[in-house]
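Colleague: Can you walk me through how the protein meets its DNA here? I'd like to go strand by strand.

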Amino acid sequence: MASKRSYWLMKSEPEVFSIQALRRDRQTHWEGVRNYQARNHLRSMRVDDLVLFYHSNAEPPGVAGVARVCREAYPDDSQFDRKSPYYDPKATRQTPRWMLVDVKLDRKTRLMPLEEMRAHKALEKMVTLRRGNRLSITPVTPAEWNFIVKKLDG
DNA sequence: GCCAACGTTGGC
DNA sequence: GCCAACGTTGGC
């Protein structure tokens, strides 16, 4: 039996990597995740899981598109690269600490601002909207997913 | 630029 | 294992 698809929200600062950049590149290595909880979410991602591409530190912040996981977690090479801002001196090739997945663009959407997300009762329990939440990768429930996609496309 | 909230580090 | 100090995230 096929495993069930999961849904995620992944934050990216558009000045670092935007939905426009994903459209240009079609696909990307989602590098630079340096938080254990977010890493564990990366590990549970499966090919064809769907992702809300969220612009953080943006004006305004919000969901900017939909992406799809196209390769499951493997070591993030930037952790070994002394010149990278994501370099981790405690990581080695034998014992990598950080993983990434590859995602490809599904579609760019209209921007759904954070303010609008907060205004929807259906989204009030979203992990990413919880007070104080800073995680760059959070799970999204099927109900939340369906609600948002309908608002984005409809 | 500010700062609340949270995560990590390291001394003990 | 505790916790103070420090660093980071990200909305505002």
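Colleague: Let's start with strand B: how many nonpolar, polar and charged residues does the surface near DNA strand B have?

Modeller: Bear in mind that this is a predicted model, where local features need pLDDT of at least 70, side-chain atom pairs count only at pLDDT 80 or more, and totals for chains, interfaces and linings use all residues. Residues are numbered from 1 along each chain as written, chains are lettered from A and ligands numbered from 1 in the order written, and side-chain values use heavy atoms, without hydrogens and water. "Near" is a heavy atom within 4 Å of the strand; Ala, Val, Leu, Ile, Met, Phe, Trp, Tyr, Cys and Pro count as nonpolar, Asp, Glu, Lys and Arg as charged, and the others, Gly among them, as polar. Around DNA strand B sit N35, Y36, Q37, K90, R131, G132 and R134, giving 1 nonpolar, 3 polar and 3 charged.

Colleague: Which residue has a polar side-chain atom 2.6 Å from a base oxygen of DNA strand B?

Modeller: Of the strand B atoms within 4 Å of the protein, 73% belong to sugar or phosphate and the rest to bases. The base oxygen contact, a polar one (N or O atoms within 3.5 Å), comes from the side chain of R134.

Colleague: And how far is the side chain of Y54 from a phosphate oxygen of DNA strand C?

Modeller: Y54 is among the residues surrounding strand C, as are K11, N57 and R134. A phosphate oxygen there is 3.0 Å from a side-chain N or O atom of K11, and a polar backbone atom of N57 also has one at 3.0 Å. For a polar side-chain atom of Y54, the distance is 2.8 Å.

Key. A polar contact is a pair of N or O atoms within 3.5 Å; within protein, one must be able to donate a hydrogen and the other to accept it, and residues adjacent in sequence count only if both atoms are side-chain atoms.
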